[in-house]
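Here is a short report to read alongside the model. Have the structure open as you go, and follow one strand and its neighbours before turning to the ligand.

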Amino acid sequence: MLTTSSPAYLPGFGGHVATEAVPGALPKGRNSPQRPAFGLYTEQLSGTAFTMPRHENRRSWLYRLRPTADHRPFVAYDGAPRLRCEKDGALAPNRLRWDPIPDAAAGTDFIDSLTTAVFNRAPNELDGVALHLYAANAERADRVFFSADGELLFLPQQGRLELLTELGRIDIAPGQIAVVPRGVRFKVLLPEGAARGYLTENYGAPFRLPDLGPIGANGLANPRDFETPVAWFEDRDEPTQVIQKYGGKLWVTTLDHSPLDVVAWHGNLAPYRYDLSHFNTIGTVSFDHPDPSIFTVLTSPSGMIGRANADFVIFPPRWMVAEDTFRPPWFHRNVMSECMGLLTGEYDAKADGFRPGGLSLHNMMSGHGPDVESWKKASEAELKPAKIDGTMAFMVESCWPFEVTAEALGRAQPDYDLAWADFPKARLP
Ligand SMILES: O=C(O)Cc1cc(O)ccc1O
Ligand SMILES: [Fe+2]
């Protein structure tokens, strides 16, 4: 399936947008006129409670060919066999690492390829986060997907994605991310025929930019580098499956038309994309390895200030100049739980075994840090300025320890603990 032109975007994070794909479709001066233009149907899509403080309030007004409300009951969907959000057993305190998921059988679309690795809390608690992987090789023009459980953060690792969403089209390649709000319907196209990557599902407060404190008014991910698509719609009266994730399970209903029929919209709840190469990476210019919170792209706060439901953190190319310092991540035990993926290249704390497309988990209070080889290399290195290049790792750090699906537990590398075996004992004088 092909779309004809490249998508257009508006710059800025969380701004109020007004956009129409057909001139005259947006009402002027009010949200809900008695008779919207062209007989369009008005719908408010709320991403936060009506009464949230203004700076956290997110909602958009949609003007569409048919109301979303017109559908028959959803029934259980029996595809996507590896998508799970239920506890499979006890939460073991072990560190875990995974190779990339295997290729899917031919004809597997994005939805059916979704493979849950880790998750915490539960969608119905409106808190927590899950990490899924995808490895898709087929497009389904007759299907749309949405998650009522959470906001979706796409991290392509191989192959471009074109997301045809209710609010516009988003193109992303490896190195770019996209966020689709809870409830927003979309189709996934694979312009290169196949794609792999990570999908983070945030059940909690919508992602926002972190506060910058003493860093000042600029830095890290700058708001102007985020892009929101302009209105786009398809007028397609063909049977279309709507598959939703709701309460951790998948449900399906069939419409006689595509629900990607929003002709115009305005508001501040919308999908967006961001190119990670725009991240203004900040680090020490004196000594010591700073906490990785300086690499936070987006954060979903929990109810406790400073303790995130989910921080989305990246480890981009950067110069290392610290003097008299062990430059890679230190050994540490963290009250927060860390799930990491690798988009490309190598990660400076792991010489071996952490592959692009792989995943690792260091839950609350697990001792971790550089493996033996990385430790040895960094301890002996001559401390000239050095560029860490050609790499992009990421971390989803959460205050809630992660559960692991039975499927993922069965696929974990059997010997990850050996990454930290055989450190020489310190010798006292
Ligand atoms: O464990 C990891 O590799 C992630 C990480 C990186 C870093 O630079 C400091 C702390 C941390 O948890
Ligand atoms: Fe860590």
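A residue counts as buried if 20 or more other C-beta atoms lie within 10 Å of its own. In this predicted model, eight of the eight residues of strand β22 (residues 308–315) are buried, so the strand is largely enclosed by the rest of the structure.

Which strands pair with β22? The table sets out its two partnerships, with an example of facing residues for each.

| Partner of β22 | Bridges and direction | Facing residues |
|---|---|---|
| β21 (residues 296–301) | five bridges, antiparallel | Thr-296 and Val-313 |
| β27 (residues 392–398) | five bridges, antiparallel | Glu-397 and Asp-311 |

With β21, strand β22 also makes a hairpin, and six residues separate the two. In that turn, look for Gly-306, whose phi is positive, at about 85°.

Now for the wider setting. An unreviewed UniProt entry annotates residues 278–425 as "domain: Homogentisate 1,2-dioxygenase C-terminal". Over residues 278–425, helix makes up 10% and strand 28%, and the end C-alpha atoms are 42 Å apart.

Finally, take a look at the ligand. Around ligand 1 you will find Pro-292, Pro-329, His-332, Asn-334, Glu-338, Ala-349, His-362, His-368 and Met-395. Sorted by class, this shell holds four nonpolar, four polar and one charged residues.

Note on methods: Residues are numbered from 1 along each chain as its sequence is written. Chains are lettered from A and ligands numbered from 1 in the order in which they are written. This is a predicted model: local features need pLDDT of at least 70, side-chain atom pairs count only at pLDDT 80 or more; totals for chains, interfaces and linings use all residues. A residue is buried if 20 or more other C-beta atoms lie within 10 Å of its own, exposed if 12 or fewer, and partly exposed in between; C-beta atoms are placed from the backbone. Helices (H or I, at least four residues) and strands (E, at least two) are DSSP runs, numbered from the N terminus. Two strands pair if DSSP finds at least two bridges between them. UniProt positions are given in the numbering used here, feature names are shortened, and annotations may be inferred rather than shown by experiment. A residue is near a molecule or strand if its C-beta atom, placed from the backbone, lies within 6 Å of it. Ala, Val, Leu, Ile, Met, Phe, Trp, Tyr, Cys and Pro count as nonpolar, Asp, Glu, Lys and Arg as charged, and the others, Gly among them, as polar.
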